[in-house]
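Thanks for coming. Please have the sequence and the model open while I talk.

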Amino acid sequence: MLLVPTILCGGAGSRLWPVSRALHPKPFMRLADGESLLQKAMLRAAAMPAAVELVAVTNGELFFKARDEHRALDLALGASYLLEPVPRGTAAAVAAAALHVERAHGADAALLVLPADHLITDLAAFAAAVEDALALAARARLVTFGIRPTSPETGYGYIEARGSDVLRFVEKPSLEAARGFVASGRFLWNAGMFCFTAGTILEEMRRHCGDVVAAVERCLERSRIVERDGARRLELDAETFARVPDTSIDYAVMEKSERVSVVACDIGWSDIGSWAAVAELGAADAQGNRVEGEAVLHEASGCFIRSEARVVGAVGVEDLVIVDTPDALLVARKDRSQDVRKV
């Protein structure tokens, strides 16, 4: 089965301000090893043996940044770019990608839909999970990936499953409900990753959200393909794409279809949804501080400090996030890092 990894690269990433901005969103944020989250997603995609093409769905204004991220990796796997003039949700993005894949590779080719801004550290386990997903996709299933929970997180959606069968999706629960989910052993975190053939997802989309597919098809009829400098991009027509219903693939299809399966996995997954989550990626000193850049600390504990240019001094403080960039400075309590988007 041919495989087309499809990377969804957009979003504001406002909880990771000031590093994540509208024109430099979270997927382009570089981690301590120098690679961006988008590059890590591209490398995961290129490692799949059946992959024949990489598709990136992104904002038109981010095309050159995404192209340069791909070029810097010097991958043998070529990339095409579907450029959205306005955001219309993941259902529109998946429909556009599936129609592209169907036309380029046939209805039996599989899409592996990956968010560009998630981190996966166990690549061998990820590859094994993809193989399991492809086997299910070959049986005309819509496959989602479920992460075995390690704590009662309230910021994630959950999947209740029996084996590979999905019983229901649950939106972000209360803490009490999340504790019950984890204790039951029946629930998985919803990782927002999917695998299905182009033909299967389009069939199910036409059944459950036909207006989305029809609107995207009208848009593609008026859209322009540009091939230049070794990059192929499809510039989605602004007027018609703006009329595509704005909805998520989860709500539009996955929660309604009777053909949904799940692959439960432990792949070292994180959605890097806050600075507190970023902090957990690095090694801590004896006082629990984690530093990226230069910092001088005195009687400080449990802090995360990231500085791009200047030395940061921290005295007598604990459990703070300090992120210093050339034009903006963030100081927040670590337990309030989800509220960064409010500034």
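I will go through some strands, then salt bridges, then the cores, and end with one asparagine.

First, the ground rules. This is a predicted model, in which local features need pLDDT of at least 70 and side-chain atom pairs count only at pLDDT 80 or more, while totals for chains, interfaces and linings use all residues. Residues are numbered from 1 along each chain as its sequence is written, and side-chain values use heavy atoms, with hydrogens and water left out.

Let us start with strand 2, residues 54-59. Helices (H or I, at least four residues) and strands (E, at least two) are DSSP runs, numbered from the N terminus. How many of the residues of strand 2 are buried? The count is 5 of the 6, so this strand is largely enclosed by the rest of the structure. Buried means under 20% relative accessible area, exposed means over 50%, and partly exposed is in between, with a 1.4 Å probe and protein chains only.

Now its neighbours. Two strands pair if DSSP finds at least two bridges between them. Strand 1, residues 3-9, runs parallel to strand 2 and is joined to it by 4 bridges. Within that pairing, L8 has V57 of strand 2 as its bridge partner. Strand 2 is also joined to strand 3, residues 79-84, by 6 bridges, and these two run parallel. There V57 has L82 as its bridge partner in strand 3. To get from strand 2 to strand 3, the chain passes through helix 2, residues 63-73, in a right-handed β-α-β crossover. Right-handed means that, with the strands pointing away from the viewer, the path from the first strand over the helix to the second runs clockwise.

One residue of strand 2 deserves a stop, namely N59. Is N59 buried or partly exposed? It is partly exposed, at a relative accessible area of 29%. Its side chain reaches the backbone nitrogen of E61 at 2.7 Å. That falls under polar contacts: a pair of N or O atoms within 3.5 Å, where within protein one must be able to donate a hydrogen and the other to accept it, and residues adjacent in sequence count only if both atoms are side-chain atoms. If we set aside neighbours within four places in sequence, N59 contacts C9, L83 and E84. Contact here means heavy atoms within 4.5 Å.

Next, salt bridges. The term means a side-chain nitrogen of Lys or Arg within 4 Å of a carboxyl oxygen of Asp or Glu. How many salt bridges does a search of the whole structure find? It finds 27. One of them is between E217 and R206, at 2.9 Å from N to O. E217 is in helix 7, residues 210-221, and R206 is in helix 6, residues 198-208, so the pair ties together parts 11 residues apart in sequence. Both ends are partly exposed: E217 has a relative accessible area of 24%, and R206 has 41%.

A second example is R306 with E292, where the closest N and O atoms are 3.4 Å apart. R306 sits in strand 16, residues 304-307, and E292 in strand 14, residues 290-292, so this pair ties together parts 14 residues apart in sequence. R306 counts as buried at 11% relative accessibility, whereas E292 is partly exposed at 22%. Besides these pairs, E203, E204, R207 and R259 are joined into one network by salt bridges that share partners.

Now the inside. In soluble globular proteins, nonpolar side chains tend to be buried together. A nonpolar core is a set of buried Ala, Val, Leu, Ile, Met, Phe, Trp, Tyr and Cys residues joined through side-chain atoms within 4.5 Å. The largest one here has 50 residues, and L112, F126 and F145 have the most contacts inside it. Helix 4, residues 123-137, supplies the largest share of this core, 7 residues. Apart from this core lies another, of 47 residues, and V57 from our opening strand is among them.

Last, N190, which is in strand 9, residues 187-197. N190 is buried, with a relative accessible area of 17%. Which side chain does the side chain of N190 make a polar contact with? The partner is D250, at 3.4 Å. Beyond its neighbours within four places in sequence, N190 has contacts including F145, Y158 and W269.

That is where I stop.
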